[in-house]
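Please open the model in a viewer and keep the sequence panel visible. The tour below proceeds by selection, and each stop states what is to be found there.

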Amino acid sequence: MFEKIERVPGDAILGLIEAFRKDTNPQKVDLGVGVYRDAQGSTPVMRAVKEAEALLLKNETTKTYIGSHGAPSYGEVVLPLVLGEDSPVLAAGRASVTQSPGGTGALRLAADFVASQLPGKGIWVSDPTWPNHHGIFTAAGIELHKYPYVDADNRLDFNGMLSALKQIPQGDVVVLHACCHNPTGFDLNQQQWQQVLEVVQQRDLLPLVDFAYQGFAEGLDEDAYAVRLLAENLESVLITSSCSKNFGIYNERTGALIVVAKDNEEMENVRSQIAIVARENYSNPPAHGGSIVAEILHSAELEKIWREELTEMRDRINTLRRDFVEALKPYGLDEKYAHIAEQRGMFSYTGLTPEQVDRLRDEFGIYMVRSGRANVAGFSNENLPYIAKAVATVNGK
Ligand code: LMR
């Protein structure tokens, strides 16, 4: 039965977890998968999360199904977190929220919804984008296209992006990263988002906004600028949000698909279809992650602790970005890699070539994605000199 089945290489990002684990180099450094790391290199459970879990353990009375859209207590905190407390979209009843198994689950819901309810629409992703976008949209049977995002000098190619968006067939879906672009770390500024909005309006495109890293660039509200701009100025928007990262609950798979529609009536129609898509994929989402988020955001005290912890993570990442460029100074490489201090979020498209990435892994035990994407949260004051020296070596310095 299975004799014709071929073995395929594992996922390029998740495969790094295993490869890193097996490496016996005592100086090894993990700059692979996108999880936050503290100064000790651990991905700790946040204090607010621990306290919320203690409360849940004490007060939980049932493990019954939570329904295809997930727990209302989660949805009602995620909507204002993403769209804003005073969102006119919320006031108008134009937004639906569906809890999902992580941001990835939300993306798959969006993809299946587009494939089944908006057949014939193509989907446009940035080049490069998170590699799993390709897998998810293709698996849903949607035709995938790319628009440029970085130029040959490894800088944001906004003009190239905008010209390409202007050529997208009327009505197609365009995937936009709200902040902390994965894999590059290059984000649009507010003025550039305005320009994107205009093109989206002119071409009547459906934006699918991937919002997996809210709070990791500048702040919870600041990072939501693009999401809110699009939601408040367009009739239809799909938003895939994640709490897996900003609450540090990666393995609880905690995301949401938010659909903004023209009015309440249209929103309810779309919502009914999303419930079917969820049902056919996994029926009900897992509950625990959403319960943690709801517990925290329903408590002023826990929310304060969580916000402080998130700020600490963000500040640490931004400081490390600058420190790394500083550490490259003695090798004369600080200008070449100055963009690392400018990029935002966990990821940096370093500009290191696949061959250099291979050498970093083989000779120094430093792991990152072969595209040259590094998770800068894996930097620490201890390992920065080592990484800088290694990068200098593969640059022939
Ligand atoms: C990443 O890009 O490293 C994260 O989004 C984790 C993943 O699932 O790939």
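Select Pro128 first; this residue sits in the loop that runs between β3 and α6. The model is a predicted one, and in it the peptide bond leading from Asp127 into Pro128 is cis, with omega near 10°.

**The loop between β5 and α8**

Next, select Pro183, which is found in the loop between β5 and α8 (190-203). The bond that joins Asn182 to Pro183 is also a peptide bond in the cis form, and its omega is about 20°. Keep the loop between β5 and α8 on screen, for Cys180 is placed there too. Although Cys180 is not a glycine, its phi is positive, at about 55°. Is Cys180 buried or exposed? With 28 other C-beta atoms within 10 Å, Cys180 is buried.

**The ligand**

Now display the ligand. Which residues surround the ligand? They are Ile13, Val33, Gly34, Trp130, Asn132 and Asn182. Asn182 has already been visited, as the residue joined to Pro183 by a cis bond. By character, the shell around the ligand comprises three nonpolar residues, three polar ones and no charged ones.

**The sheet**

Select the strands of the open sheet. Seven strands make up this sheet, arranged in the order β2-β8-β7-β6-β5-β3-β4, with mixed pairing. At its edges are β2 (95-101) and β4 (144-148), each of which pairs on one side only. On average, and with direction ignored, neighbouring strands of the sheet are turned by 25° against each other.

Helix α6 (residues 131-139) should be added to the view, since this helix packs on the sheet and touches β3 (123-127), β4 and β5 (173-177). The direction of α6 makes about 150° with that of β4.

Within the sheet, restrict the selection to β6 (residues 206-211) and β7 (residues 237-242). Strands of a sheet pair through backbone hydrogen bonds, in either a parallel or an antiparallel manner. Here β6 and β7 pair in the parallel sense, over four bridges. Two positions are convenient for inspection: Val209 stands opposite Ile239 in β7, and Leu208 has Leu238 of β7 as its bridge partner.

How many of the six residues of β7 are buried? Six of the six are buried, so β7 is largely enclosed by the rest of the structure. In a regular strand, side chains alternate between the two faces of the sheet. Colouring β7 by face shows that both faces are covered: one side carries Val237, Ile239 and Ser241, the other Leu238, Thr240 and Ser242, and all of these are buried.

**Helix α14**

Move on to helix α14 (residues 354-364) and select Val357, Leu360 and Arg361, the buried residues of this helix. Viewed down the axis of α14, these buried residues fall within an arc of 90°, so they line one face of the helix. Elements that cover the buried residues of α14 include β10 (366-367) and α15 (384-394). Then rotate the view to the other side of α14, where Glu355, Asp362 and Glu363 are exposed. Gly365 follows α14 and has a positive phi, near 70°.

**Three further selections**

Select Ser283, placed in the loop between α10 (264-281) and α11 (288-297). Ser283 is a residue other than glycine, yet its phi is positive, near 75°. Ser283 has 10 other C-beta atoms within 10 Å and is exposed.

Select Gly15, which belongs to helix α1 (residues 15-22). Gly15 counts as partly exposed, with 14 C-beta neighbours inside 10 Å. Add Val369 to this selection: Gly15 and Val369 are 354 residues apart in sequence, while their C-alpha atoms are 9.7 Å apart in space.

Finally, select Pro44 in the loop between β1 (29-30) and α2 (47-59). With 13 C-beta neighbours inside 10 Å, Pro44 is classed as partly exposed. A distance drawn from the C-alpha of Pro44 to that of Val125 reads 32 Å, and the two residues are 81 residues apart in sequence.

Key
Residues are numbered from 1 along each chain as its sequence is written. This is a predicted model: local features need pLDDT of at least 70, side-chain atom pairs count only at pLDDT 80 or more; totals for chains, interfaces and linings use all residues. A residue is near a molecule or strand if its C-beta atom, placed from the backbone, lies within 6 Å of it. Ala, Val, Leu, Ile, Met, Phe, Trp, Tyr, Cys and Pro count as nonpolar, Asp, Glu, Lys and Arg as charged, and the others, Gly among them, as polar. Two strands pair if DSSP finds at least two bridges between them. Axes are lines fitted to C-alpha atoms, for helices over the stretch in contact, and angles run from 0 to 180 degrees between N-to-C directions. Two residues are in contact if their C-beta atoms, placed from the backbone, lie within 7 Å. A residue is buried if 20 or more other C-beta atoms lie within 10 Å of its own, exposed if 12 or fewer, and partly exposed in between; C-beta atoms are placed from the backbone. The arc is that of the directions from the helix axis to the C-beta atoms.
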